[in-house]
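Reader: Please take a close look at the pockets of this protein, and at what lines them. Some words on the domains and the cysteines would help to place them.

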Amino acid sequence: MAERFDCHHCEESLFGKKYILREESPYCVSCFEALYASTCEECGHLIGCDCKDLSYKDRHWHEGCFHCSRCKHSLVDKPFAAKEDQLLCTDCYSHEYSSKCEECKKTIMPGTRKMEYRGSSWHETCFICHHCQQPIGTKSFIPKDSQNFCVPCYEKQYALQCVQCNKPITSGGVTYREQPWHKECFVCTACKKPLSGQRFTSRDEFAYCLSCFCDLYAKKCAGCTHPISGLGGTKYISFEERQWHNDCFNCKKCSLSLVGRGFLTERDDILCPDCGKDI
């Protein structure tokens, strides 16, 4: 007796009938369409086994229903774009949604590489250096007066030259004695530590950090022997080529402050009148 060949779902015989295999199981056309056929996004009807099923992002269309939602031209085998669940041919999409190139004023077509900067768009080949006219692409650039420059052209045209290394200053920088410096080039003449953002002073037009300046040039306090910088409002007393910090100008014997008072000297010492009366 011949083996039965039935629909996997309704179990009706498939001998002499059209059928569809799914996962190696046979289905009659009616069961297959009822169970598995997709619904067309455009017309809402089932896409039968005798029709092509065109799909995009889990959505399905009859071949004849797969067209631009604006101009109704077929999108079969043509490039298209999607916007708010609508399919559009490239012409309709460009007309309604694509940005215009800031340089040539033409539409930037979907799928075309473009450059964007401060809310404006360019074709990749239109985003060029204002000076050398070469495409900037993904390279660094510097804007100036509504124009864009590649870094080499900007440096040649506009960048200040550091007085220390003679190389262009493209960002930041320090001005000292009306001359431009890179931050990393503006250093203490003695210890070479960066001075940018730090307190410093100068001597003979050379810049020094406070520590080096005090070590090299500041007078030493006759009391504590530490340098007297004289910077930042530091007060000191001077007498016969000797200097003292205000806090160090005290009687040698009783340590009374002598600032604003009379005093006596005994060799290298200073004394208040009371301690010095027996001299």
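Author: What follows describes the pockets, after a short account of the domains, and ends with the cysteines.

The model is a predicted one. Its chain is divided into domain 1 (19-89), domain 2 (96-152) and domain 3 (159-204). Between the C-alpha centres of domain 1 and domain 3 there are 70 Å. The UniProt record, an unreviewed entry, places the feature "domain: LIM zinc-binding" at residues 38-98, 99-160 and 219-279. Within the stretch 38-98, helix makes up 11% of the chain and strand 26%, and the C-alpha atoms at its two ends are 32 Å apart.

The largest pocket holds about 300 Å³ of space. Its lining consists of 17 residues, and those closest to the pocket centre are Glu103, Trp122, Ser146, Gln147 and Asn148. Three strands, β8 (120-123), β9 (141-144) and β10 (147-150), each give at least two residues to this lining. Sorted by class, the lining has 7 nonpolar, 6 polar and 4 charged residues.

The second largest pocket has a volume of about 210 Å³. Here 14 residues form the lining, and Gln164, Trp181, Thr189, Phe206 and Ala207 are the closest to the centre. Two or more residues of this lining come from each of β14 (179-181) and β16 (206-209). By class, the lining of the second largest pocket is made of 8 nonpolar, 3 polar and 3 charged residues.

The cysteines come last. With a disulfide taken as a pair of cysteine sulfur atoms within 2.5 Å, the count for the model is 0 disulfides. Cysteine 10 is in no disulfide, and the nearest cysteine sulfur, that of cysteine 7, lies 3.7 Å away. Cysteine 10 counts as partly exposed because its relative accessibility is 32%, a value in between the limits of 20% for buried and 50% for exposed. For cysteine 153, the closest cysteine sulfur belongs to cysteine 150, and the 3.5 Å between the two sulfurs is too far for a bond. Cysteine 153 has a relative accessible area of 8%, so this residue is buried.

Definitions and conventions:
Residues are numbered from 1 along each chain as its sequence is written. This is a predicted model: local features need pLDDT of at least 70, side-chain atom pairs count only at pLDDT 80 or more; totals for chains, interfaces and linings use all residues. Side-chain values use heavy atoms; hydrogens and water are left out. Domain bounds come from an automatic or database domain assignment. UniProt positions are given in the numbering used here, feature names are shortened, and annotations may be inferred rather than shown by experiment. Helices (H or I, at least four residues) and strands (E, at least two) are DSSP runs, numbered from the N terminus. Buried means under 20% relative accessible area, exposed over 50%, partly exposed in between (1.4 Å probe, protein chains only). On a 1 Å grid over the protein atoms alone, a cavity is a set of points where a 1.4 Å probe fits but cannot get out, and a pocket is an open set with protein on both sides within 12 Å along at least five of seven lines; lining residues have an atom within 4 Å of a point. Grid points are joined across faces, edges and corners, and a volume is the space filled by probe spheres set on the points. Ala, Val, Leu, Ile, Met, Phe, Trp, Tyr, Cys and Pro count as nonpolar, Asp, Glu, Lys and Arg as charged, and the others, Gly among them, as polar.
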